[in-house]
Every structure is written in C-alpha cells, then in structure tokens.
Amino acid sequence: MSGRLANDSSPFYFQLTLFRELGASRYLFFSLTLLLYAVIVSFNVVIILVICLEKTLHEPMYVFISCLSLNSLYGSSGFFPRFLMDLLSDTHLISRPACFTQIYVIYSYASYELFVLSIMAYDRYVAICKPLHYHSIMSPRTVCMLVAAAWLIPVFSIGGPLYLTIRLPLCGNQVPRFFCINWPVVQLSCVDTSINNFTGLFVSIATVFLPLCFVLYTYLRILLVCQQKSSEFRGKALQTCLPHIVSFVNYSITLFCEVSLSRYKADQLDPFIVMILSLEFIIIPCLLNPLIYGLKLPKIRVMIYRIVHPNKASF
C-alpha cells in the first residue's frame, strides 16, 4: 500500500482485512445490511415521532425510550454507511481520522445505551417502590439532568482513552475487523501500551460494569418490594418492567460478545462468525428496542396503530 504517513511512524490509512474473506458473498451481505439499516432507521424514527407528537407520552419513561431510539440512530449511522461502502469496495482502506471517528461513535453509542438503560431501571424502581413520590423525584428538571449526564459522561470517558490511542506511534495498519475498534489499533503500537491498558480497564469498569451492577441492584430492590405485595401488584410490576428487562438482557449479551471478540485475534476465526458477533452488537439492540416498546407498551402501540390506520378504532 502506498504510504502517506500521519507522522514519522504511523500510517495514514488502516486496512480492514476481514472484508477480503467474504468474496462474492459480499453483494448478498450488502443487500441484507442495507435492508436492515432501512428498517432500523424507520422503526426508530416512528418511535421518536410518536413520542414527540403525542402529549400524553411526554412522561419520563417515554422520554427515555425516545433517547434509546435516538441513540440507535446515532450508533447505526456511525456504522452502517461506512460498512456498506466497504462491502462494495475492493481496497477496504479507512483513513486515520475516519477510523478514530468511527471508534468514538461506536463506543459512545455503547456507553450511552448502558447509561440510559440504567436511568430507566431507576425510573422503574421509583415508580414501583416509591409511587407516591414518583412525580416529585422524576421531575422534568431531574429527567433533563439525567439525560444530559448520560450524554456527557461518555464524551469524556470515551474521549480520554481514544486520545491516548491517537497519540500512539503505530508500526502497522492491518486491522483484523470489519470496522475500527480501539484494542486492535492499540495492538499495532510500536511502544509500551500499559497506560492504554490501565485506562481502558478503568473506563470499562466505570462505563460498563458499574451501570450493570446498578441495574441489577435496582431490580433486587424491586423484587424485595414485590415479595411483600399482592399477586396483582407483582403482575403489574412485571408488566411494566418486562420491556426494560428484555432490552437490558439483550444488550448485555450482545455487549459481552463484542467485548469478548475484541480480545481475540479475529483473523484466526471464521469471518462469518466474526461478522455475526460484530453486527449483533449494533443490529439487535437497534432493531429490537423499538419493536419491544412499540408492541409491548399499550400507549405507544395504540398511537402507532392510529397512524397506520387513521380511520379505524384503536385496539
């Protein structure tokens, strides 16, 4: 590859090497991926519009659902356009600035998703365990502060480690993935990366494991409260928590697969397995969240039905 350099030792382009393993099947993957991207955008835009336009849905829980859909648009837009272009390309080169931008978008998407799910767990905890104080605790001001914090924390938590990666002198440009992620780029370094490893571990604990533990703690508290209540109360609590539980478990599994994959040498694995594990991290949460909340929550379901069938009575 022709070598324009960003500095004396770092290549200006990275090569995403796993695309060359797809062969002629890349055209099939392009068609399926384009269809999935269109569906993801359509579903999440519908959820956002329904919540924004319907005043009865201007409540904390629905605000957080719209934030999930907005984040799905953000994360998928940071991944799919470039991925689709690479599927049809013969070179699979990505510039240094584009690669680090993609890393930032995908990692901040992942972090923001966990923070919003944590806020939603807290919202359900307050609604079930402190119903009389719900509106005073989850006031519009509090909701705005929680959403702002969920956006701002990933900016700094992801920006710091990424800055350390950008400063590294690199001795290669082969990234064995379908898109840019931090760890394979760090492994190309010509110098010791102990600071990067420590910072990455600290950020992973702060932005992944702490939110996961917080969600588990809130549901433990909810479970303890439900044990003291009637079966009818437990049924209503399960109904209101079920969509969030499904979203949380689904995202946790896909995130675990992505984190595990990032620590393996992906070029030694079957490229189709790597593609599935990589794509599920973006596709499954972005696709299932609007389906889960759109079909399970009656208010959103009724509003969508009214939009699709304006002349029919809602069910």
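Helices, at least four residues of DSSP state H or I, and strands, at least two residues of state E, are DSSP runs numbered from the N terminus. The expected span of a helix is 1.5 Å times one less than its number of residues. Before I apply these terms, please note that this is a predicted model, in which local features need pLDDT of at least 70 and side-chain atom pairs count only at pLDDT 80 or more, while totals for chains, interfaces and linings use all residues. Residues are numbered from 1 along each chain as its sequence is written, and side-chain values use heavy atoms, with hydrogens and water left out.

I begin with helix α2. This helix covers residues 60–88, and because each residue should add 1.5 Å, its 29 residues should span 42 Å; the end C-alpha atoms are 43 Å apart, in agreement with that value. The helix has a kink of about 30°, centred on serine 76. Here the bend at a residue is the angle between two fitted axes, one for the seven residues ending there and one for the seven starting there.

How many of the 29 residues of α2 are buried? A residue is buried under 20% relative accessible area, exposed over 50%, and partly exposed in between, using a 1.4 Å probe and protein chains only. In α2, 22 of the 29 residues are buried, so the helix is largely enclosed by the rest of the structure.

Helix α2 also carries a salt bridge. The term requires a side-chain nitrogen of Lys or Arg within 4 Å of a carboxyl oxygen of Asp or Glu. By this rule there are three salt bridges. Aspartate 86 forms one with arginine 82, and their closest N and O atoms are 3.2 Å apart. These two residues are separated by about one helical turn, because they are four residues apart in helix α2. An α-helix has 3.6 residues a turn, so residues three or four places apart point the same way.

Are aspartate 86 and arginine 82 buried or exposed? Both are buried. Lysine 236 and glutamate 232 form another salt bridge, at 3.7 Å from N to O. They too lie four residues apart, about one turn, in helix α8, residues 231–262, but lysine 236 and glutamate 232 are exposed. In a further salt bridge, aspartate 123 and arginine 124 have their closest N and O atoms 2.7 Å apart. Aspartate 123 is buried, with a relative accessible area of 1%, and arginine 124 is buried at 9%.

I turn next to the aromatic rings. A pair of aromatic rings is described by the distance of the centres and the angle of the planes. Rings of Phe, Tyr and Trp, the last by its six-membered ring, pair if their centres lie within 6.5 Å; planes under 30 degrees apart count as stacked, over 60 as edge-to-face and the rest as tilted. The count by this rule is 12 aromatic pairs. One of them joins tyrosine 74 and tryptophan 151, and the pair is edge-to-face because the centres are 6.1 Å apart and the planes stand at 75°. This pair links distant parts of the chain, since tyrosine 74 is in helix α2 and tryptophan 151 is in helix α5, 77 residues apart. Tyrosine 74 is partly exposed at 26%, and tryptophan 151 is partly exposed at 32%.

The rings of phenylalanine 79 and phenylalanine 80 have centres 5.1 Å apart and planes at 75°, so this pair is edge-to-face. Phenylalanine 79 is buried, with a relative accessible area of 1%, and phenylalanine 80 is buried at 0%. Ring pairs link both of these residues with Tyr37, Phe83, Phe178 and Phe179 in a cluster.

Trp151 appears again at the surface, in a nonpolar patch of about 490 Å² made with Leu70, Leu152, Val155 and Phe156. Helix α5, residues 140–167, gives the patch its largest share, four residues.

Finally, helix α7, residues 194–227, has 34 residues and reaches 48 Å from its first C-alpha to its last, close to the 50 Å expected. A kink of about 35° in α7 is centred on isoleucine 205. Buried residues in α7 include Val203, Thr207, Pro211 and Tyr219.

Conventions:
Patch = residues over 30% accessible without salt bridge, like charges linked within 9 Å, V, L, I, M, F, W, Y side chains within 5 Å. Areas by Shrake-Rupley, 256 points an atom, 1.4 Å probe, with all protein chains shown as cover.
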